[in-house]
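Welcome! Here are some exercises to work through with the sequence and the 3D view side by side. Try each task before you read its solution.

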Amino acid sequence: MLVKIKRGWELPEHMATPEDVFLNRRQIAKTIAAGPIIAGAAPMLLAGRAMAAAPADDPTAGMYPVERNPKYKLDRDITPEKNATSYNNYYEFGSHKQISRAAQKLKIRPWEISIDGMVEKEFKIGFDDLLKKVTLEERLYRHRCVEAWAMAVPWSGFPMRQLVELAKPLSSAKYVAMRTIAESKKEMPGLRQFWYPWPYTEGLTIAEATNELAFLVTGIYGKPVPRQNGAPLRLAVPWKYGFKSIKSIISFTFTDKRPKTFWEALAEKEYGFWANVNPEVNHPRWSQATEWLLGGSQRDRVPTQLFNGYTEFVADLYTGLENEPLYR
Ligand code: MTE
């Protein structure tokens, strides 16, 4: 395994990705040469806005748009839909940003979700049945990738607290681990990159998972969330770096042990369990002080905010944890 230590400013943005930790330049160039491919959906006009067509095979299309919760406000414009849905991180489809076409191969029905581990009773539930048990709303959230790009999007979904309540964890459970589907190399060609610790896994403390901001996403821009953004169910934890927001989730496992996450398993000095946004704690290879907004120029930087601007919602979660590496 090749470990390459470079300064952030030596890297063009597309190289400043976690995989650069140990992929060599030639391998990266090869994957980049395979793109770029923009999602092929024809634009249509809905509710006065230009929008890309909803996935034709998505049985939930009729459920959107859902009512917006006005509590969650943005300090910036909403990112144009075409940027948020065509510049993605989803390594199961390739370690570059133009994976949206490749991701259309992902089969999203049937979609069974397992609730297991330290719960009163383990169970499995189909995604469409789960939707009947929760209340959907729309929230405008910022999203800050550890690579220093950011976006602001209207997610639809439900508070993760509702899922935790359905799961009925035992009082001894301290964490919830989540896992992305990783069943077929044909559907997800990135799984052939055997040096990654598949499946993609993530985790939160129960306190974080039940914080009001933790949101399970089923839609975006008033439509079902497309595959490249994590259909049919992904996480949004906007005070943390984007890699915590795991896509296409198939299991929630309640545990008393802190889960080892995908990026932590790969490069624990660079990507930790907590990964809270902090402009004053730099990534070992680049600054986290500023970010650029998808849809704009990479040269136009805006200041990054502590907890990505969500301090009032989440600061309490970390009292007493000051000795933990909270910001990577
Ligand atoms: N989830 C899975 N399963 N695989 C991934 O590669 N990338 C993460 C996160 N969730 C990733 C994932 C990273 S690094 C980011 S920044 C966000 O997804 C990107 O979400 P977006 O493509 O919807 O902007």
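## Exercise 1: A charged patch

At 58% relative accessibility, is K105 buried or exposed? Find out, then place K105 in the fold and look for its companions on the surface.

Solution. Keep in mind that this is a predicted model.
- Step 1: The cut-off for exposed is over 50% relative accessible area, so K105, at 58%, counts as exposed.
- Step 2: K105 belongs to the loop that runs between helix 2 (81-84) and strand 3 (112-117).
- Step 3: On the surface, K105 gathers with K185, K186 and R192 in a patch of positive charge.

## Exercise 2: The sides of a helix

Which residues of helix 4 (residues 160-167) are buried, and how are they arranged around the axis?

Solution.
- Step 1: Going along helix 4, the buried residues are M160, L163, V164 and A167.
- Step 2: These residues cover an arc of only 100° around the axis, so they sit on the same side of helix 4.
- Step 3: Now move just past helix 4, where K168 takes a positive phi of about 50°.

## Exercise 3: Neighbours across the chain

How far apart are the C-alpha atoms of V134 and Q162, and is V134 buried or exposed?

Solution.
- Step 1: Look for V134 in the loop between helix 3 (127-132) and strand 5 (137-144).
- Step 2: Buried means under 20% relative accessible area, so V134 counts as buried at 10%.
- Step 3: V134 and Q162 are 28 residues apart along the chain, and 6.7 Å separates their C-alpha atoms.

Try a second pair as well: what separation do the C-alpha atoms of G117 and L170 have?
- Step 1: G117 is part of strand 3, and its 31% relative accessibility makes it partly exposed.
- Step 2: Along the chain, G117 and L170 are 53 residues apart, while their C-alpha atoms are separated by 9.2 Å.

## Exercise 4: Pairs of opposite charge

How many salt bridges does the count come to? Then examine the pairs E138 and R68, E202 and K244, and E268 and K260.

Solution. Side chains of opposite charge can pair when their charged atoms come close. A salt bridge here needs a side-chain nitrogen of Lys or Arg within 4 Å of a carboxyl oxygen of Asp or Glu.
- Step 1: By this rule, the count is 18 salt bridges.
- Step 2: One of them joins the side chains of E138 and R68, at 2.7 Å from N to O. E138 lies in strand 5 and R68 in the loop between strand 2 (49-52) and helix 2, so this pair ties together parts 70 residues apart in sequence. E138 is buried, with a relative accessible area of 7%, whereas R68 is partly exposed at 37%.
- Step 3: E202 and K244 form another salt bridge, with their closest N and O atoms 2.6 Å apart. Because E202 is in strand 8 (residues 201-205) and K244 in the loop between strand 11 (234-236) and strand 12 (249-255), the pair ties together parts 42 residues apart in sequence. Both E202 and K244 are buried.
- Step 4: E268 and K260 meet through their side chains in a salt bridge of 3.3 Å, N to O. E268 counts as partly exposed at 45% relative accessibility, and K260 counts as partly exposed at 49%.
- Step 5: Finally, trace the network in which salt bridges with shared partners join D75, R76, R142, R144 and E291.

Technical notes: Residues numbered from 1 in each chain as written. Predicted model: local features only at pLDDT ≥ 70, side-chain atom pairs only at ≥ 80, totals over all residues. Heavy atoms only, no water. Patch = residues over 30% accessible without salt bridge, like charges linked within 9 Å, V, L, I, M, F, W, Y side chains within 5 Å. Areas by Shrake-Rupley, 256 points an atom, 1.4 Å probe, with all protein chains shown as cover. Lys, Arg positive; Asp, Glu negative; His and termini not counted. Charge placed at Lys NZ, Arg CZ, Asp CG, Glu CD. Helix = DSSP H or I, 4+ residues; strand = E, 2+ residues; numbered from the N terminus. Buried < 20%, exposed > 50% of the residue type's maximum accessible area, 1.4 Å probe, protein only. Arc of directions from axis to C-beta.
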